[in-house]
2 protein chains.
Amino acid sequence: MAAQYAEGVRGGYSPNVPTNRKPRVTIDQVAQATGVSRQTVSRAINNKTEIDPETRQRILDAAQAMGYRPSRFARGLVRQDLITIGLVIADVLNPFFPEVTAGVLEAAERRGWQVVVYNTGSERRKELEVVDMLFDQVDAGIAFLLHHDAIAKATAGNLPFVLLDKGGRAPAVPGVRIDFEGGARRGLEYLIDRGHRRIAMLDDEAYLSAEAPNTRRELYLKVMGERGIPVDINWIQPAHNSIDGGAAAMERLLSAHKDVTAVFAYNDLIAIGAQLRARALGLGVPEDCAFLGFDGLSIGELVEPPLTTLHIDKRRLGEIAVEQAALLLGGMSEDEVPEAVIEPQLIVRASA
Amino acid sequence: MAAQYAEGVRGGYSPNVPTNRKPRVTIDQVAQATGVSRQTVSRAINNKTEIDPETRQRILDAAQAMGYRPSRFARGLVRQDLITIGLVIADVLNPFFPEVTAGVLEAAERRGWQVVVYNTGSERRKELEVVDMLFDQVDAGIAFLLHHDAIAKATAGNLPFVLLDKGGRAPAVPGVRIDFEGGARRGLEYLIDRGHRRIAMLDDEAYLSAEAPNTRRELYLKVMGERGIPVDINWIQPAHNSIDGGAAAMERLLSAHKDVTAVFAYNDLIAIGAQLRARALGLGVPEDCAFLGFDGLSIGELVEPPLTTLHIDKRRLGEIAVEQAALLLGGMSEDEVPEAVIEPQLIVRASA
DNA sequence: AACGTCTCCGTGAACGCTCACGTGAGCGGT
DNA sequence: ACCGCTCACGTGAGCGTTCACGGAGACGTT
């Protein structure tokens, strides 16, 4: 594969990797070189007692010079307290996930755990692949999974597994539930109470292919129905889960339904894109069209007008997931793990 | 430690972890239970040949039922091809890093490597701690490090180490260099050519405590000097590396120097905060004050007016780092690793 | 009947480390 | 001269796999 030199990159990179990997230096080699036993080298390396300070230094120097580094495998084999968890997210570039990741990282660090991160892009193939990988590589998994077969596979195995956003799934699978129903209800009723009747919905298109229960769209229909507000099915536009996706969907929506007065978006990313495009097309926000997001991303404060949204405590979401993983790892059975629910809070800024 | 129930979280979490960790099920136990040898179980688990399909299924079922999962340590000990790299970043919440992470993740995945992520917050103590940890836990490190003693420690050990943004350091330490000089020069000359003379700089305060060469500030002084433009030292304001930090710094700057016509910010985050605050205080952008950022974050497109910035290909940065790590891992010596430079590109949007 | 060839399965060793011991030297106290 | 103690260090075992073999049985070929 020829190296692709991206624009703005000098001295590009040709991966002509010489594969003469040097063999590992072992503790025994260090021991032999310094004329002591393995155990003494181990004492030096691990900063233990029962060793002469002078000997320690001598060993440390030799180890350094020889390029010795203890094998984490050999070490992990004998000590049982080295824990690594796998964090599976959909997209690092979606600001939702860095916040969750921050919570996971922090909670994991408090416990002295390592966190290895996987990106799926919400593709079915990747999700399945990553779940497979997880079984071999980590002690517990924390995952955001869209596709039900990936979820099934993940929870069927005997790896402690926690779902970020476990949706409406059985209580037996541990995870954090985000109360979309309460959130969507609060958000939509806010819009309705402010007089909006023609409320469109910009949905995440990823849920079209995944056979998952799409709570947000269903909730939209449900609440609108409860309030006796007729819904034109074409008010629902699928959007790619990104700012550009939101913009494109908004344009499609407007080309057919100029008369909607408010937009309820699947999330902030889509809402932001939609709002930006609406303004670019000359609409006033919120006078001509109001926008309501979901997630409470901080970038919602940057746009004009600042985005009204249903805020989710994403950091806490990550923290709780780690705590649940800890319970599982501690030997608790899956159905004993207490339920945790995160309640979206309506944050009224200025877009609605 | 009592559980803190964050607002918006029901059914909060008390970590009364029962620590009766169940002992590991080993391959031998599965072998015994199914009446075969270890090796046969191994063949079943690893999908190898030389095993009767029927036996395989029987073993697989038993393993599943017994909760068997191969130990990655034992496995890693005997196979030498399981590679894990450590990615050390300053702050997941700063959009710069998710982009780098995306590049690293993608490149690592292509190679079948695992990536474990560490967050330092650019704190000296954390940086040193993380570097220490790295030596034990991974096969190679890719790190964004601010403090020179952390860098020294990282590069002194015998762990393959690649620096993201290696700054002006010796060529012997592998890493990617971002050509801040070229970037800053292009940016500042653009401002100067458009008639600006009183150009302030909002610097990252983290560099105050770190005894690192702060190229961006020095470059600012250098270029201004070369063009014969006098600089008031108070035009340089330290800012916390965040949007709020930029806003606060801008407010301080304006309280003393209302007459600056342009702001050159350490990065986009600071620039965005500054610009937002300036507008809130009634200034017109760019008429009253122009803003120039650094990094080329996509959120710069969200603010009004969209931020003019020096764009860095962050994804490519991460990819190159992985490629360099691969070279090192392949046995290449540190000074043989070809130099890679990333050239910031001026993207003129509307803030300057 | 002897021999080769498959197919399926088992055995010993090795991976690199830590843990629980055991050991000998040195030294002060009785 | 003996005991007891501390300090510094060494020895054997074991952690859970995979790898390179070796071997028994079934079956066909000469």
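A polar contact is a pair of N or O atoms within 3.5 Å; within protein, one of the two must be able to donate a hydrogen and the other to accept it, and residues adjacent in sequence count only if both atoms are side-chain atoms. The structure treated here is a predicted model, in which local features need pLDDT of at least 70 and side-chain atom pairs count only at pLDDT 80 or more, while totals for chains, interfaces and linings use all residues. Residues are numbered from 1 along each chain as its sequence is written, chains are lettered from A and ligands numbered from 1 in the order in which they are written, and side-chain values use heavy atoms, with hydrogens and water left out.

**Exercise 1. Polar contacts with DNA strand D**

Task: Find which atom of DNA strand D lies 2.8 Å from a backbone N or O atom of A:Asp52, and then describe the protein surface near this strand.

Solution: Begin with A:Asp52, where the partner of the backbone N or O atom is a phosphate oxygen of DNA strand D, at 2.8 Å. Continue with chain B, where an N or O atom in the side chain of B:Lys48 is 2.8 Å from a phosphate oxygen of the strand, and a polar side-chain atom of B:Arg75 lies 2.9 Å from a phosphate oxygen. Next, list the elements that give two or more residues to this surface: they are helix H2 (38-45) and helix H4 (72-78) of chain A, together with helix H1 (27-34), helix H2 (38-45) and helix H4 (72-78) of chain B. Helices here are DSSP runs of H or I with at least four residues, and strands are runs of E with at least two, numbered from the N terminus. Then take the residues around the strand, where a residue is near if one of its heavy atoms lies within 4 Å; there are 29 of them, and A:Ser37, A:Thr40, B:Ile27, B:Arg38 and B:Ser42 come nearest. On the DNA side, sugar and phosphate account for 59% of the atoms of DNA strand D that come within 4 Å of the protein. Finally, sort the residues of this surface into 10 nonpolar, 10 polar and nine charged, where Ala, Val, Leu, Ile, Met, Phe, Trp, Tyr, Cys and Pro count as nonpolar, Asp, Glu, Lys and Arg as charged, and the others, Gly among them, as polar.

**Exercise 2. DNA strand C**

Task: Determine how many residues surround DNA strand C, and which atom of the strand is 3.4 Å from a polar backbone atom of A:Ala74.

Solution: The count is 30 residues, the closest being A:Ile27, A:Tyr68, B:Ser37, B:Thr40 and B:Glu50. Of the strand atoms within 4 Å of the protein, 61% belong to sugar and phosphate. For A:Ala74, the partner is a base nitrogen. Phosphate oxygens of DNA strand C are also approached, by a polar side-chain atom of A:Ser42 at 2.8 Å and by one of B:Thr55 at 2.9 Å.

**Exercise 3. Positive phi values**

Task: For A:Asp295 and B:Glu50, decide whether each residue is buried or exposed.

Solution: Recall the cut-offs, by which buried means under 20% relative accessible area, exposed over 50%, and partly exposed in between, with a 1.4 Å probe and protein chains only. A:Asp295 has a phi near 125 degrees, a positive value in a residue other than glycine, and its place is in strand E10 of chain A. With a relative accessible area of 5%, A:Asp295 is buried. B:Glu50 also has a positive phi, near 60 degrees, and lies in the loop between H2 and helix H3 (53-66) of chain B. At 67%, B:Glu50 is exposed.

**Exercise 4. Confidence in chain A**

Task: Identify where in chain A confidence is lowest and where it is highest.

Solution: The scale is pLDDT, the predictor's confidence in each residue, from 0 to 100. For chain A the mean is 90, and 91% of its residues reach 70 or more. The lowest confidence is in strand E1 (residues 9-10), at a mean of 56, and the highest in strand E11 (residues 308-311), at 98. Over residues 1-7 of chain A, pLDDT stays under 50, and over residues 14-18 of chain A it is below 50. Where pLDDT is low, the predicted coordinates should not be read in detail.

Terms used
Contact = heavy atoms within 4.5 Å.
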